[in-house]
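Subject: Handing over the structure, with notes

Dear colleague,

I am passing on the structure that I have been working through, and my notes follow it. Please read them with the structure open beside you, and look up each residue as it is named.

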Amino acid sequence: MTKVTGIALALLLSALAAPPPAHAQPPAEVTADYDFFVGGFRIAEVGLKAVLDEQGYKAQSSVTTRGVLDVLLRGRAASQAVGMRGDFGQFVPVGFATHYRSRTADQKILISYEDSDPAEITFDPKATDSDQHAKPAERPGSLDPLTAAVATLMPAAAPDLCNRSIPVFDGKRRFDIIFLPPDPKRFDDSAPAPKWDKPLTRCLGVYERMSGFAEDTKEGQRYFPFDIWFEDSGNGIFRAVRLAGSTKLGFAIGNLRPPE
C-alpha cells in the first residue's frame, strides 16, 4: 500500500470516528447477521457492520463456517473497507483488506485505490496464480466485495432496488452482481418468501462471472441466479432479509437474524 493511500486511510478513519458537526446528520449504522443453510443444515455465519455519513464509510465483515462444513474446511474470513462518498452519493473505495484462513490456506489481500479504481493489490503470501487473475484493464470502476455489500443495501433510489448492476473485484476475480425485477417462474417452494414483520421487496439477483476465474471453471456456467428479499429499514437502507439459490453444495438459503 502506498504512503499516500495509508495517510488517506488514516485521515478518513479519523474523520468517521469524530463527532459530526452540529448541522450534519448523524452517521447511519447498519448491522446484519446471517445464518446460511444447505439442505436444512447450517453451514456458515456471516456478519456485516457499516458506519456511513455524508463524507464516507467504513465497514467490516466476518465469515465463519459451521456444522459439517466447519468439520471439512474450518474457514474463517475477516474483511475491512473504508471509502468516501462521491458528488452524487456513490461509494468510492479507498482501501480494502481481507484475511482468509482454512485448514489448507492462509492468505491476506490488500487493495488500495486511486481515482476510485483498484491501483495496487498485495498478497501475503505472494499469489502463485497471478497470471490467471483479472487484468488491470478489466478492473476500473469496480468495488471491493465489502463496499459492494454496503452498496447493495443502499440503492441510489428505492425504484432502483431491482434495477442495478454492481461491478466487483476481489483482488483476483472480476464479477458483477445484478438485480432485476423478480421472475414469476421462480416463485415456487424452492425459494420460499420469509416470514417477516415488515413489507418485503423481492428481486432476482444474478452473479455473473467476468474474468479471473480458474481455468477449470471458464467453460462452466457464467450466470448464477438467486432470489433476494429486502426490507426498507429507513434512511435509504434496504437490508437483505433472505437470499436463496443453487450452489455447488446444493440449494442454499441465507436468513437475516431477527432482532432479539
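Which residues make a nonpolar surface patch of about 320 Å²? The patch is made by Val68, Val71 and Leu72. Val71, to take one of them, lies in helix H2, which covers residues 67–72, and it is exposed, with a relative accessible area of 58%. Please keep in mind, here and in everything below, that this is a predicted model.

**The chain as a whole**

The secondary structure of the protein chain comes to four helices and 13 strands. Of its 260 residues, 42% count as buried, and its accessible surface comes to about 14,500 Å², of which 56% belongs to carbon and sulfur atoms. If you take the contacts between residues at least 6 apart in sequence, 50% of them join residues at least 24 apart.

**Strands S1, S2, S12 and S13**

A good place to begin is strand S1, residues 28–38. Eleven bridges join S1 to strand S2 (residues 41–52), and the two run antiparallel; within this pairing, Phe36 has Ala44 in S2 as its bridge partner. S1 and S2 form a hairpin with two residues between them, and Gly39 in the turn has a positive phi of about 60 degrees.

S1 also pairs with strand S13 (residues 250–256), again in the antiparallel sense, over five bridges. Here Phe37 stands opposite Ile253 in S13, while the bridge partner of Asp35 in S13 is Asn255.

Strand S13 is joined in turn to strand S12 (residues 237–247) by six bridges, and these two strands run antiparallel as well. A hairpin of two residues leads from S12 to S13. Asn255, already named as the partner of Asp35, is also the bridge partner of Arg242, so you can use Asn255 to trace how S13 is paired with S1 and with S12.

**Salt bridges**

The count of salt bridges comes to twelve. One of them is formed by Asp35 and Arg257, whose closest N and O atoms are 3.0 Å apart. This pair links distant parts of the chain, since Asp35 is in strand S1 and Arg257 in the segment after S13, 222 residues apart. Are the two partners buried or exposed? Asp35 counts as buried because its relative accessible area is 12%, under the cut-off of 20%, whereas Arg257, with a relative accessible area of 35%, is partly exposed.

Asp70 takes part in salt bridges with two arginines, Arg74 and Arg76. In the bridge with Arg74 the closest N and O atoms are 3.4 Å apart, and in the bridge with Arg76 the distance from N to O is 3.0 Å. Asp70 is buried, with a relative accessible area of 13%; Arg76 is buried too, at 17%, while Arg74 counts as partly exposed at 41% relative accessibility. There is also a network in which salt bridges that share partners join Asp35, Arg42, Glu45, Arg66 and Arg257.

**Arg174 and its surroundings**

The last residue I would like you to look at is Arg174, which has its place in strand S9, residues 174–180. Arg174 counts as buried because its relative accessible area is 10%. A polar atom of the Arg174 side chain lies 3.2 Å from the backbone oxygen of Glu138.

Which residues are in contact with Arg174, leaving aside its neighbours within four places in sequence? They are Ala134, Glu138, Ser142, Pro167, Val168, Phe169, Arg209, Met210, Ser211 and Phe213. Glu138 therefore appears both in this list of contacts and in the polar pairing with the Arg174 side chain.

**Two residues to return to**

When you go through the structure a second time, you might start from Asp35, which is buried, has a bridge partner in S13 and forms a salt bridge with Arg257. After that, you could turn to Val71, which is exposed and belongs to the nonpolar patch with Val68 and Leu72.

With kind regards

Note on methods
Residues numbered from 1 in each chain as written. Predicted model: local features only at pLDDT ≥ 70, side-chain atom pairs only at ≥ 80, totals over all residues. Heavy atoms only, no water. Buried < 20%, exposed > 50% of the residue type's maximum accessible area, 1.4 Å probe, protein only. Contact = heavy atoms within 4.5 Å. Areas by Shrake-Rupley, 256 points an atom, 1.4 Å probe, with all protein chains shown as cover. Patch = residues over 30% accessible without salt bridge, like charges linked within 9 Å, V, L, I, M, F, W, Y side chains within 5 Å. Salt bridge = Lys/Arg side-chain N within 4 Å of Asp/Glu carboxyl O. Polar contact = N/O pair within 3.5 Å; in protein donor to acceptor, adjacent residues only side chain to side chain.
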